[in-house]
Amino acid sequence: MATQIPQAPRVGMVSLGCPKALVDSERILTRLRADGYAMSPDYAGADVVLVNTCGFLDSAKEESLEAIGEAMAENGRVIVTGCMGDEADAIRARFPQVLAITGAQQYEAVVGAVHQAAPPAQGPFVDLVPQPSDQMVKLTPRHYSYLKISEGCNHACAFCIIPQLRGRLASRRIDAVLREAEKLVAAGTRELLVISQDTSAYGVDTRHESRTWHGREVRAHMTDLARELGRLDTGGGTPPWVRLHYVYPYPHVDQVIPLMAEGLLTPYLDIPFQHASPAVLKRMKRPANEAKVLERLRAWRGVCPDIAIRSSFVVGFPGETEDDFAYLLDWLEEAQLDRVGAFRFEPVEGAAANALPDPVPEAVKEERFARLMEVTARISAARLAAKVGRTLPVIVDEVGEPDEDGDIGATGRSQADAPEIDGQVFLRDVPATLAAGDIVQARIEDADEHDLFAVPA
Ligand code: SF4
């Protein structure tokens, strides 16, 4: 049976208060947009309305309560956030039906409340952002942010219904994207994850329209975007880590590799190849499906030896023969990708692939999936083992409590690891002053199939 994917839910936003509250609103919307939500300009079209309140003065509180009242009357499904969220009792006394109340800067809690009130469309082919498996809602802002640069897609991959769900490619203005990134960095973001359905196609729909940004003309183009993001300053002239996700290997991707070698862009590319067999790729109707990918991978590693390549693959696509699958395994041995995610093909309601002949039996899918995971785990382990003895920058995600000897451990990630989908670096004996978001140099002491073990250098 085909899996049904719901339409993107729509969120309305009323933002009151100071410029700081406005930054909070933007940050919440940034994350919701990345999670696949659409924005509603009016109450009527919204599945849920967020009211970002101000509680600084009595008059501001009254204004906030009025705004909540209006949203309740016009829509009825309301989440309250912002400074007045600290006075949840006063809000509940007047509006017992509000869905959730969270305080200022509790981005993750607000996003969690929106997910509960209007669940996002989810599935391996619609998620741009990994959803945490434990569903735990964190209250502290993360030091990484997803930056969505466009919506929709102009391709017609047979297994995908994004073009039906989200429409054709609609790129955001480059200055708007850069302004958002600048604000995120000013608010503490140390790592930007650029996402879209097809990042290398950014600006194709606007003919790569130029805008002025800090006195420079910049085009809506992946290369310009990458260069400008690499010029942002997290303090003391240090750029944020910038990762490009969902990049198709169009020829111009070659232009961003030197930016990685220069240190402007994190040496990491997430390229969803999905398969390697030309026959399967043709049936999948994949973009940028060309034979020279292995040569290009070699050339990229020549320019930037530390580049980490992440990809995802589908096994058991209709018509995939044992030869096609063996081709994929051989290709993976050659390509030596750093990180691989795999899915067993499943039909999604409305996708063209559902009508293709020769479905692969479930047992065969399972068996191929297991073989693919075995090969990719072995490759990953060997690539990680080659890092033992090196000193690498690690971004800290979480610092632990001291153990009985007073030693403190921390978890972080190397430049080869995107949050939530790749591996981790487990650090021992870190200084008590270390905090999430810090970037430290660490000597790699050990490795396993997915993770590294290190000590601050
Ligand atoms: S490139 Fe293909 S898989 Fe990706 S969103 Fe477009 S149609 Fe879907």
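**View 1. Residues 385-457 in the predicted model.** Across this stretch, strand accounts for 42% of the chain and helix for 1%. The C-alpha atoms at the two ends are 18 Å apart. An unreviewed UniProt entry lists residues 385-457 as "domain: TRAM".

**View 2. Domains of the protein chain.** The chain is divided into domain 1 (10-117), domain 2 (144-385) and domain 3 (391-456). Between the C-alpha centres of domain 1 and domain 3 the distance is 36 Å.

**View 3. Packing of helix α11 with helix α12.** Helix α11 spans residues 322-335 and helix α12 spans residues 362-385. Their axes come within 10 Å and cross at roughly 10 degrees. Because angles under 35 degrees count as roughly parallel, α11 and α12 are roughly parallel to each other. On the α11 side the contact is made by F325, L329, L332 and E333. The α12 side contributes R368, R371, L372, V375, T376 and I379. By class, the residues of this contact comprise 6 nonpolar, 1 polar and 3 charged.

**View 4. Shell of residues around the ligand.** Around the ligand are C153, H155, A156, C157, C160, I162 and P163, together with Q197, D198 and P287. This shell divides into 7 nonpolar, 2 polar and 1 charged residue. The charged residue is D198, and the polar ones are H155 and Q197. Cysteines in the shell are C153, C157 and C160, and prolines are P163 and P287.

Notes. Residues are numbered from 1 along each chain as its sequence is written. This is a predicted model: local features need pLDDT of at least 70, side-chain atom pairs count only at pLDDT 80 or more; totals for chains, interfaces and linings use all residues. UniProt positions are given in the numbering used here, feature names are shortened, and annotations may be inferred rather than shown by experiment. Helices (H or I, at least four residues) and strands (E, at least two) are DSSP runs, numbered from the N terminus. Axes are lines fitted to C-alpha atoms, for helices over the stretch in contact, and angles run from 0 to 180 degrees between N-to-C directions. Angles under 35 degrees count as roughly parallel, over 145 as roughly antiparallel, 65 to 115 as roughly perpendicular and the rest as oblique. Two residues are in contact if their C-beta atoms, placed from the backbone, lie within 7 Å. A residue is near a molecule or strand if its C-beta atom, placed from the backbone, lies within 6 Å of it. Domain bounds come from an automatic or database domain assignment.
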